[in-house]
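Please open the model in your viewer and keep the selection tool at hand, as this tour goes from one selection to the next.

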Amino acid sequence: LVQDSPTSGNIHSIQVFQCLVIWRCWRISLRSESRNAHPSEQKNTHQDFLDDVNLQVHVSVIFGNGVLKYVCGLCQQQFDYLERLPKDLLLNVILCLELEDIARLSQTSRAFKKDTDSCQTFSDTSKSM
């Protein structure tokens with residue numbers, strides 16, 4: 001993820017790899033002493049990132065709490081690919097499920113409840129045509 005900071009004009013990047021989290025910051029300035037500055041880079045293991053409260057605050061401020069929560073989840077080996085799917089693709093997947101599976105999926109989160117309800121409505125409407 002890459003994000004510019006509206007308050008400072010700096011550009012920040014966070015990348016999560018299998019064993020590593022890389023945080024980069026590019027300082028954007030018109031000052032002559034800053035023209036040859038290289039980006040700062042911090043490489044952490046997943047555990048080091050989880051222990052670094054200061055870095056987590058920076059990530060939260062720049063990218064938001066949702067991204068911080070997602071990165072922390074990745075560092076704890078918690079992957080949630082289904083919730084990250086585009087809505088149209090997720091709806092196509094839901095339409096391929098059996099009714100019992102749709103009911104179970106709807107119980108896992110509010111977002112899935114809403115999606116499965118809209119799929120059920122679509123399915124019922126298309127069957128009645």
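Two strands count as paired if DSSP finds at least two bridges between them. With that in mind, and remembering that this is a predicted model, begin by selecting strand 2 (residues 11-16) together with strand 3, which run antiparallel and are joined by six bridges. These strands form a hairpin, with three residues between them; to see one bridge of the pair, pick His 12, whose partner in strand 3 is Cys 25.

Next, keep strand 3 and add strand 4 (residues 40-45), which pairs with strand 3 in the antiparallel sense, again over six bridges. Here Leu 20 can be followed to its bridge partner in strand 4, Thr 45.

Now turn to helix 2 (residues 53-63) and helix 3 (residues 65-75), which pack at an angle of about 135°, their axes lying 7 Å apart. The two helices are therefore oblique to each other. Show Gln 56, Val 59, Ser 60 and Phe 63 on helix 2, and Asn 65, Val 67, Leu 68 and Cys 72 on helix 3, since these residues make the contact; five of them are nonpolar, three polar and none charged.

Which residues does Leu 68 touch, not counting those up to four places away in sequence? Select Phe 49, Gln 56, Val 59 and Ser 60 to find them.

Leu 68 also belongs to the largest nonpolar core, of 12 residues, including Ile 14, Trp 23, Phe 49 and Ile 62. Strand 3 (20-26), helix 2 and helix 3 each give two or more residues to this core. Finally, apart from it, look for another core of five residues, among them Leu 90, Ile 94, Ile 102 and Leu 105.

Notes: Residues are numbered from 1 along each chain as its sequence is written. This is a predicted model: local features need pLDDT of at least 70, side-chain atom pairs count only at pLDDT 80 or more; totals for chains, interfaces and linings use all residues. Side-chain values use heavy atoms; hydrogens and water are left out. Axes are lines fitted to C-alpha atoms, for helices over the stretch in contact, and angles run from 0 to 180 degrees between N-to-C directions. Helices (H or I, at least four residues) and strands (E, at least two) are DSSP runs, numbered from the N terminus. Angles under 35 degrees count as roughly parallel, over 145 as roughly antiparallel, 65 to 115 as roughly perpendicular and the rest as oblique. Contact means heavy atoms within 4.5 Å. Ala, Val, Leu, Ile, Met, Phe, Trp, Tyr, Cys and Pro count as nonpolar, Asp, Glu, Lys and Arg as charged, and the others, Gly among them, as polar. A nonpolar core is a set of buried Ala, Val, Leu, Ile, Met, Phe, Trp, Tyr and Cys residues joined through side-chain atoms within 4.5 Å. Buried means under 20% relative accessible area, exposed over 50%, partly exposed in between (1.4 Å probe, protein chains only).
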